[in-house]
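This report describes a protein chain through its strands, its aromatic rings, its largest pocket and a few individual residues. The sequence and structure come first.

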Amino acid sequence: MPMNGPFARLPEAASFTVTSTTVDDGAAWPPAQHASGLPGGKDISPQLSWSGAPEGTKSYAVTVYDPDAPTGSGFWHWAVTDIPATVTELPEGAGDDTGSQLPEGAYQLPNDARTARYLGAAPPAGHGPHRYFVVVHALDIASTDVPADATPAVLGFTMAGHTLGRAVLTATAETPA
């Protein structure tokens, strides 16, 4: 498994805490967080709670990214932006097709499969373990003003100069050959 880190070339940011009742940091995703085409997979986004964000945080964004996908550019599974600074958790399943469990004003961008929702883990069979970086980004702006049809990469580019802090949880998944 390559050890490339998705933030290695980005400006440094303060660290804060993200936890989940769905998955522990460093642990494998439960089956429900896998893609629906895999045994037990249901494309259910994880529960997330965060605390200790830097002073001056005006909003949050949440992303789930697999840098180990065999694409040359990784794979974005989920991107949510414009989460108000008063919100410090998302319930499990908030990343469904409706986004109805997201806080008011927040919205999902299309993932790399071009669906505006959470798409579960689905590493190619026999490709080895993949890492899934679940990140809460604390931003110094209330809105990223990213169009709802933009890619997560555009969101990342927009956030780069506005990121005060990052809370990172890493989950794993592997599909046997």
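## The three-stranded sheet

In this predicted model, strand 3 and strand 6 run antiparallel and are joined by two bridges. One position in this pairing is Leu48, whose bridge partner in strand 6 is Leu90. The two strands belong to an open sheet of three strands, ordered 2-3-6, with antiparallel pairing. Strand 2 and strand 6 (89-90) are at the edges and have a single partner strand each, so one side of each is left without a neighbour in the sheet.

The loop between strand 2 (17-19) and strand 3 (48-51) contains Gln47. With a relative accessibility of 9%, Gln47 counts as buried, because the cut-off for that class is under 20%. Leaving aside residues up to four places away in sequence, Gln47 touches Thr19, Ser20, Thr21 and Thr22, as well as Glu89, Leu90, Pro91 and Glu92. Leu90 thus appears both among the contacts of Gln47 and as the bridge partner of Leu48.

## The six-stranded sheet

A further open sheet is built from six strands in the order 1-9-8-4-5-7, and its pairing is mixed. Its edge strands are strand 1 (14-15) and strand 7 (107-108), each of which pairs on one side only.

Several pairings can be followed across this sheet. Strand 8 and strand 9 run antiparallel and are joined by 10 bridges; His130 stands opposite Ala173 of strand 9. Strand 4 and strand 5 are also antiparallel, with seven bridges between them, and here Tyr60 faces Ile83 in strand 5. Strand 5 pairs in the antiparallel sense with strand 7 over two bridges, where Thr81 has Tyr107 as its bridge partner. Strand 5 is mostly covered, since nine of its 10 residues are buried.

## Aromatic pairs

A pair of aromatic rings is described by the distance of the centres and the angle of the planes. Across the whole structure, seven aromatic pairs are found. In one of them, Tyr65 and Trp76, the ring centres are 4.5 Å apart and the planes meet at 40°, so the pair counts as tilted. Tyr65 lies in strand 4 (residues 59-66) and Trp76 in strand 5 (residues 75-84), and the pair links distant parts of the chain, 11 residues apart.

Both residues of this pair are withdrawn from the surface. Tyr65 is buried at a relative accessible area of 13%, and Trp76 is buried at 18%. Elsewhere, ring pairs link Trp29, Trp78, Tyr118 and Tyr132 into a cluster.

## The largest pocket

The largest pocket holds about 380 Å³ of space. Its lining comprises 17 residues, of which Pro6, Leu10, Trp76, Ala153 and Gly156 are the closest to the pocket centre. Two or more lining residues come from each of strand 4, strand 8 (130-139), helix 1 (152-159) and strand 9 (163-173). Helix 1 contributes the most, with four residues.

In character, the lining divides into 11 nonpolar residues, five polar residues and one charged residue. Trp76 therefore has two roles in this description: its ring pairs with that of Tyr65, and Trp76 is among the residues closest to the centre of the pocket.

## Individual residues

Most residues other than glycine have a negative phi, and most peptide bonds are trans. Asp43 has a positive phi, near 55°. This residue lies in the loop between strand 2 and strand 3, and at 10% relative accessibility Asp43 counts as buried. Asp145 likewise has a positive phi of about 55° although it is not a glycine. Asp145 is placed in the loop between strand 8 and helix 1. What is the relative accessible area of Asp145? The value is 64%, so Asp145 is exposed.

Ala8 is situated in the segment before strand 1. At 65% relative accessibility, Ala8 counts as exposed, because that class begins at values over 50%. Ala8 and Thr163 are 155 residues apart along the chain, and their C-alpha atoms are separated by 14 Å.

Notes. Residues are numbered from 1 along each chain as its sequence is written. This is a predicted model: local features need pLDDT of at least 70, side-chain atom pairs count only at pLDDT 80 or more; totals for chains, interfaces and linings use all residues. Side-chain values use heavy atoms; hydrogens and water are left out. Rings of Phe, Tyr and Trp (its six-membered ring) pair if their centres lie within 6.5 Å; planes under 30 degrees apart count as stacked, over 60 as edge-to-face and the rest as tilted. Buried means under 20% relative accessible area, exposed over 50%, partly exposed in between (1.4 Å probe, protein chains only). On a 1 Å grid over the protein atoms alone, a cavity is a set of points where a 1.4 Å probe fits but cannot get out, and a pocket is an open set with protein on both sides within 12 Å along at least five of seven lines; lining residues have an atom within 4 Å of a point. Grid points are joined across faces, edges and corners, and a volume is the space filled by probe spheres set on the points. Ala, Val, Leu, Ile, Met, Phe, Trp, Tyr, Cys and Pro count as nonpolar, Asp, Glu, Lys and Arg as charged, and the others, Gly among them, as polar. Two strands pair if DSSP finds at least two bridges between them. Contact means heavy atoms within 4.5 Å.
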